[in-house]
Amino acid sequence: MKIKEVLSALERFAPLPLQEGWDNSGLQVGLTEAEVSGALLCLDVNERIIDEAMDKGCNLVVSHHPLLFRGLKTISDADYVQRTVVKALRNDIAVVSMHTNMDNARSGVNWKMAEKIGLTDVRFMAAKTVDGIDGGSGVVGELPEEMAADDFILTVKRVFGVECAMCNELLRRKIRRVAICGGAGDFMLDDAVKAGADAFVTGEMHYHVYFGREQQIQICVIGHYQSEQFTSEVFQSVIREMCPDVPVHIASTCTNPILYI
């Protein structure tokens with residue numbers, strides 16, 4: 001099977017028209033006519049990820065965050081992006097990224113987060129149709145049983161393996177309906193309130209967005225990397241179903257640049 005066939009399968013699951021206008025999902029680096037020897041699945045791409053792909057015999061890297069957000073004017077050793085491009089090209093490794101198209105796809109990033117938390121009746125928080133393709137931003141669903149705010153936050157911390165969560169004042173009513181937006185999701189907070197959510201889980205939020213939400217909704221911010229860490233499981237499911245002969249590996253390299261000290 002060729003690399004372009006794996007790329008096509010991923011784009012059928014999360015069509016490129018679903019990506020935001022500022023994004024750069026799709027093929028990043030490399031040639032797609034080559035036979036795929038294996039796919040390494042990750043959140044971010046850097047030199048260590050390319051090294052891991054080489055160690056595992058993979059000539060395809062599938063990431064969530066694009067390696068290239070903007071065009072390169074030079075390709076040298078000036079920064080990690082350029083060095084990663086050079087290393088990938090030298091070793092005949094193609095890099096493909098599925099970013100906001102995977103965020104906005106049904107059963108994509110936010111649906112996986114909802115699955116991990118155990119939500120039921122999951123639906124888009126803000127549904128939309130692009131070029132006849134149904135998608136949406138964020139999801140909302142119901143907990144199997146209502147929970148106190150502190151128990152809910154502890155559950156989220158355990159599920160996502162976070163050392164701390166940034167929250168507003170603890171809600172004094174039970175939590176049942178939960179809204180989710182992986183990554184930088186504070187733009188969806190108003191949508192979460194309109195959806196009647198008791199809690200909103202996201203990866204990062206600006207400071208001033210927390211104000212004025214006391215006893216309106218429980219905010220739980222767990223870190224950008226942490227919120228999207230299970231995206232590789234989505235890639236894995238898609239490739240195993242549509243390209244069953246392709247060896248797939250979830251990267252063991254942690255690319256989170258943030259340390260909690």
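Is Gly26 buried or exposed in this predicted model?

**View 1. Gly26 and its surroundings in strand E1.** Gly26 counts as buried, because its relative accessibility is just 1%, and the cut-off for buried is under 20%. The residue sits in strand E1, which covers residues 26-29. Leaving aside residues up to four places away in sequence, Gly26 touches Glu11, Leu16, Val95, Val96, Ser97 and Met98. Take Val95 from that set: it is 69 residues away along the chain, yet its C-alpha atom and that of Gly26 are separated by 8.7 Å.

**View 2. The buried face of helix H2.** Helix H2 runs over residues 47-55, and its buried residues are Ile49, Ile50, Glu52 and Ala53. Look down the axis of H2 and these residues fall within an arc of 160°, so they line one face of the helix. What do they pack against? The partners are strands E2 (39-42), E3 (60-63), E4 (94-97) and E11 (248-250), plus helix H3 (80-90).

**View 3. The two ends of H2.** At the N-terminal end, Asn46 acts as the cap, with a side-chain oxygen 3.1 Å from the backbone nitrogen of Arg48. Just after the helix comes Gly57, with a positive phi of about 75°.

**View 4. The one cavity of 30 Å³ or more.** Searching the whole structure turns up one such cavity, with a volume of about 30 Å³. Its lining is made of Val109, Lys112, Met113, Phe160, Ser227, Glu228, Phe230 and Thr231. Helices H5 (109-117) and H8 (224-228) are the elements that give two or more residues to this lining, and H5 has the largest share, with three. By class, the lining has four nonpolar, two polar and two charged residues.

Note on methods
Residues numbered from 1 in each chain as written. Predicted model: local features only at pLDDT ≥ 70, side-chain atom pairs only at ≥ 80, totals over all residues. Heavy atoms only, no water. Helix = DSSP H or I, 4+ residues; strand = E, 2+ residues; numbered from the N terminus. Buried < 20%, exposed > 50% of the residue type's maximum accessible area, 1.4 Å probe, protein only. Contact = heavy atoms within 4.5 Å. Arc of directions from axis to C-beta. Polar contact = N/O pair within 3.5 Å; in protein donor to acceptor, adjacent residues only side chain to side chain. 1 Å grid on protein atoms, 1.4 Å probe; cavity = no way out; pocket = protein on both sides within 12 Å on 5 of 7 lines; lining within 4 Å. Points joined across faces, edges and corners; volume = space filled by probe spheres on them. Nonpolar A, V, L, I, M, F, W, Y, C, P; charged D, E, K, R; others polar.
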